[in-house]
Amino acid sequence: MKQAAAEAPRFYETKKFRQRTKHLFVAFLLLAGSILILSPLWWMISTSLKSPQEIAQYPPTFIPTEFHFSNYLEAWQTAPFTRWAFNTLFIALAGMIGSVLVNSLVAYAFAKIRFKGRNALFVIVLSTMLIPGFVTMVPQYILFSKLGWINTYLPLIVPAFLGSAFFIFLLRQFMMGIPNELIEAAVLDGASHLQIWWNIMLPLTKPALITVALFSFNGAWNDLLGPLLYINDESLYTLQIGLQTFKGTVSTQWHYLMAMSVTVLLPVVLLFFFFQKHFIEGSNIASGSKG
């Protein structure tokens with residue numbers, strides 16, 4: 001009995017203890033990483049609720065001593081933000097619709113239609129991802145200027161209807177997991193490729209389409225460089241340009257700037273919150289086989 005007790009492992013040598021220690025360590029790392037990532041967001045929200053005097057005081061306070069919720073209303077009323085919000089929403093929705101329709105159609109062609117040079121053409125499309133956007137910025141501006149599109153929304157919307165290599169790749173990989181038997185059965189029933197794409201492929205690739213829609217909407221909603229290049233009329237401004245109105249040459253209205261930054265960020269956060277399940281599933285390029 002004494003020998004058996006001596007040979008028994010100590011509690012910190014057991015497998016259960018090692019697993020629990022590992023889980024606690026991983027939980028600690030995740031918690032520390034979350035605090036590190038969310039701390040700038042908290043600072044932005046905290047600053048949006050402070051008075052200018054409290055923002056300037058040292059040492060800084062992480063929690064406002066007095067909450068000024070009126071900063072949000074006052075910031076919104078300092079400029080035509082309602083008009084700018086509708087402008088931004090129009091650009092984002094139009095670009096999102098174009099991205100979903102065009103990229104899914106091209107992805108269907110690469111995934112399910114066999115034609116000569118398909119793989120080579122797909123490689124060429126993917127290779128465009130290696131070209132930095134700043135390289136094509138000047139040629140694009142010259143082209144849109146020649147077309148008379150400056151100070152219009154066309155340079156911000158039309159490119160979304162011309163396809164994106166990343167979105168095409170994402171949707172194509174998702175569609176590759178859909179059984180070809182469904183396509184063959186539809187062809188035997190006399191369906192055209194457009195009918196197959198609309199009635200079969202789009203419903204089965206819903207998670208991937210939502211992912212593309214979220215990416216596209218987020219990109220257009222947060223775009224600053226595009227409107228800054230092509231928009232000159234103040235009535236056509238977007239929210240991202242509008243945020244610059246709080247930055248002066250002498251001082252910056254930080255409480256208003258942070259209040260509007262939280263307001264602009266909120267729609268994107270809510271979209272991800274409500275569609276996170278589809279977003280995560282759509283980001284997995286192997287999940288198309290579930291269809």
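**View 1. The largest pocket of the predicted model encloses about 1400 Å³ of space.** In this predicted model, the largest pocket is lined by 39 residues, and those that lie nearest its centre are G133, Q140, P159, A160 and G163. Several helices take part in the lining, since α5, α7, α8, α9, α12 and α13 (residues 225–230) each supply at least two of its residues. The identification of such space rests on a general idea: rolling a probe the size of a water molecule over the atoms shows where empty space is left.

**View 2. The loop between α7 and α8 holds both N151 and T152.** Helix α7 spans residues 137–146 and helix α8 spans residues 154–157, with N151 placed in the loop between them. The backbone of N151 has a phi near 65 degrees, a positive value in a residue other than glycine. Most residues other than glycine have a negative phi, and most peptide bonds are trans. With a relative accessible area of 26%, N151 is partly exposed, and T152, at 25% relative accessibility, also counts as partly exposed. When residues up to four places away in sequence are not counted, T152 touches Y230 and I231. The C-alpha atoms of T152 and P227 are separated by 9.3 Å, although these two residues are 75 residues apart along the chain.

**View 3. A cis peptide bond joins Y58 and P59.** The omega angle of this bond is about 0 degrees, and P59 is found in the loop that runs between α3 (residues 52–56) and α4 (residues 70–77).

**View 4. Helix α6, residues 118–127, has buried residues R118, F122 and V125.** These three residues cover an arc of only 55 degrees around the axis, which puts them on the same side of α6. The face of α6 turned away from this buried side carries V123 and I124, both of which are exposed. The partners against which the buried residues of α6 pack are α5 (residues 81–112) and α9 (residues 165–176).

**View 5. The largest nonpolar core contains 38 residues.** Those with the most contacts inside this core are F81, Y108, M201, W221, L239 and F246. Helices α5, α9, α10 (residues 180–188), α11 (residues 193–204), α12 (residues 206–221) and α15 (residues 254–283) each supply at least two residues of the core, and α5 gives the most, with nine residues. Leaving aside neighbours within four places in sequence, L239 is in contact with F81, W84, A85, T88, W221 and V264. Apart from the largest core lies another, of nine residues, among them I91, F144, I157 and I231. In soluble globular proteins, nonpolar side chains tend to be buried together.

**View 6. The whole protein chain, given as context for the close-ups, has 15 helices and zero strands.** Of the 291 residues of the chain, 33% count as buried, while the accessible surface comes to about 18300 Å², of which 69% belongs to carbon and sulfur atoms. Among contacts between residues at least 6 apart in sequence, 72% join residues at least 24 apart.

Methods: Residues are numbered from 1 along each chain as its sequence is written. This is a predicted model: local features need pLDDT of at least 70, side-chain atom pairs count only at pLDDT 80 or more; totals for chains, interfaces and linings use all residues. Side-chain values use heavy atoms; hydrogens and water are left out. Buried means under 20% relative accessible area, exposed over 50%, partly exposed in between (1.4 Å probe, protein chains only). Helices (H or I, at least four residues) and strands (E, at least two) are DSSP runs, numbered from the N terminus. The arc is that of the directions from the helix axis to the C-beta atoms. Contact means heavy atoms within 4.5 Å. A nonpolar core is a set of buried Ala, Val, Leu, Ile, Met, Phe, Trp, Tyr and Cys residues joined through side-chain atoms within 4.5 Å. Accessible areas come from the Shrake-Rupley method with a 1.4 Å probe; for residues, only the protein chains shown count as cover. On a 1 Å grid over the protein atoms alone, a cavity is a set of points where a 1.4 Å probe fits but cannot get out, and a pocket is an open set with protein on both sides within 12 Å along at least five of seven lines; lining residues have an atom within 4 Å of a point. Grid points are joined across faces, edges and corners, and a volume is the space filled by probe spheres set on the points.
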